[in-house]
Amino acid sequence: MTANTTSQGAAPPEERVVLKDPPLAALLAWLVPGLGHLYQGRIAKGILFFVCLTSTFAYGCYLGGSRELGWGRVVYVAWRDDDRRLAYLCQVGIGLPAVPAIVQASLVNKGKAPRWNGFMAPPRPEGFANVGEAAANALSNQPTLDELHFQLRGYFDLGTAYTMIAGLLNILAVYDAWGGPVFPESAKKEDDEPPREKPVPPEKNQ
Amino acid sequence: MDRLLIASLATNPLWHALPLIVVVSLVYAATRHEDTGFILAHAFRIGAWIVGFMLSVFAVLSLISWIV
């Protein structure tokens, strides 16, 4: 394990951060928001990231679902002609909380019905032409995308926005676990310092 | 009329922006600092900036709708 630090040298003591093993911390931070920071001993930030990001993602799942439809209907994996779910690329930034969508999509691709009352399951396609017959049969009990929009109204988009923002913010947290904070004060101090004189190269002997 | 106005304000989906502003401000500020005091101060500044930006967009749109 290597113990990397950031903002060393002239930085005040509170700005010195021990990053331990940055790649491992970044991986942990992606898997569970805040876990990488807890591993590095940055407890307050770890708790802040965990509470803020998981609650935002969970609230998005709550908005984008109902007891009848199943929760978390706004987080799903689909790549077909009638529904290319690009939002999932942002949502997966939250790590493990978005992984059930991959499990549900792989189950459907194998011709098995989604589990957990449709939690993060893809919607039923409008026609058989967009997916294989096995996948279409597996999704026969699921609502279509139109039905989701009709029943959830604006909350479908709100839930999508919440979960996307949570995923994107966690990417910032992953970067923080990898490289440490930016410290704008330090950057300003460096900017305010007068430029150092360039070393004069020795004269060439002719 | 007042009750209608209050009811429409209470159920306005714009309220959903409030927790998002808090979370975005806190997380962004936390990636810029390590000290909790700096984080909170920076988060407050970012939050105020976002709210100010939204209000200015609201003012511009209101002006346009009033003119047109």
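Helices are DSSP runs of H or I with at least four residues, numbered from the N terminus. The model treated in these exercises is predicted.

**Exercise 1. The loop between α5 and α6 of chain A**

Task: Place A:W116 in chain A, and decide how exposed A:W116 is.

Solution.
- Step 1. A:W116 sits in the loop that runs between α5 (99–109) and α6 (133–138) of chain A.
- Step 2. Exposed takes 12 or fewer other C-beta atoms within 10 Å, and buried takes 20 or more.
- Step 3. A:W116 has 13 C-beta neighbours inside 10 Å, so A:W116 is partly exposed.
- Step 4. Its phi is positive, near 55°, and the residue is not glycine.

Task: Do the same for A:N117: is this residue buried or exposed?

Solution.
- Step 1. A:N117 also belongs to the loop between α5 and α6 of chain A.
- Step 2. There are 12 other C-beta atoms within 10 Å, and therefore A:N117 is exposed.
- Step 3. The phi of A:N117 is positive, about 55°, although A:N117 is not a glycine.

**Exercise 2. The faces of two helices**

Task: Find which residues of α5(A) are buried and how they are arranged about the axis.

Solution.
- Step 1. The buried residues in α5(A) are A:P100, A:A101, A:Q104, A:A105 and A:V108.
- Step 2. Looking down the axis of α5(A), these buried residues fall within an arc of 140°, so they line one face of the helix.
- Step 3. The packing partners of the buried residues of α5(A) are α4 (87–91) and α6 of chain A.
- Step 4. Just after α5(A) comes A:G111, with a positive phi of about 85°.

Task: Repeat the analysis for helix α7 (residues 145–152) of chain A, and state which residues are exposed on the other side.

Solution.
- Step 1. In α7 of chain A, the buried residues are A:L145, A:L148 and A:L152.
- Step 2. They fall within an arc of 60° seen down the axis of α7(A), so they line one face of this helix.
- Step 3. A:D146 and A:F150 are exposed on the other side of α7(A).
- Step 4. The cover over the buried residues of α7(A) includes β4 (83–84) and α8 (154–179) of chain A.
- Step 5. A:R153 follows α7(A) and has a positive phi, near 50°.

**Exercise 3. Where chain B meets chain A**

Task: Describe the side of chain B that touches chain A by residue count, source and residue class.

Solution.
- Step 1. In chain B, 15 residues are in contact with 22 residues of chain A.
- Step 2. Helix α2 (residues 17–30) of chain B supplies the largest share of that side of chain B, seven residues.
- Step 3. By class, the residues on this side of chain B are eight nonpolar, four polar and three charged.

Task: Which residues touch the most other members of the largest nonpolar core, and what does B:V27 touch?

Solution.
- Step 1. The largest nonpolar core has 55 residues, and A:L53 and B:V27 touch the most other members.
- Step 2. The most residues in this core, ten, come from α8(A).
- Step 3. Leaving out residues up to four places away in sequence, B:V27 touches A:F49, A:C52, A:L53, A:L169, A:L172 and A:A173.

**Exercise 4. Chain A as a whole**

Task: Summarise the elements and contacts of chain A.

Solution.
- Step 1. Chain A contains nine helices and four strands.
- Step 2. Along the sequence they follow the pattern β-β-α-α-α-β-β-α-α-α-α-α-α.
- Step 3. Chain A has 206 residues, of which 41% count as buried.
- Step 4. Among contacts in chain A with a separation of 6 or more, 57% join residues 24 or more positions apart.

Methods
Residues numbered from 1 in each chain as written. Chains lettered and ligands numbered in written order. Predicted model: local features only at pLDDT ≥ 70, side-chain atom pairs only at ≥ 80, totals over all residues. Helix = DSSP H or I, 4+ residues; strand = E, 2+ residues; numbered from the N terminus. Arc of directions from axis to C-beta. Contact = placed C-beta atoms within 7 Å. Nonpolar A, V, L, I, M, F, W, Y, C, P; charged D, E, K, R; others polar. Core = buried A, V, L, I, M, F, W, Y, C linked by C-beta atoms within 7 Å.
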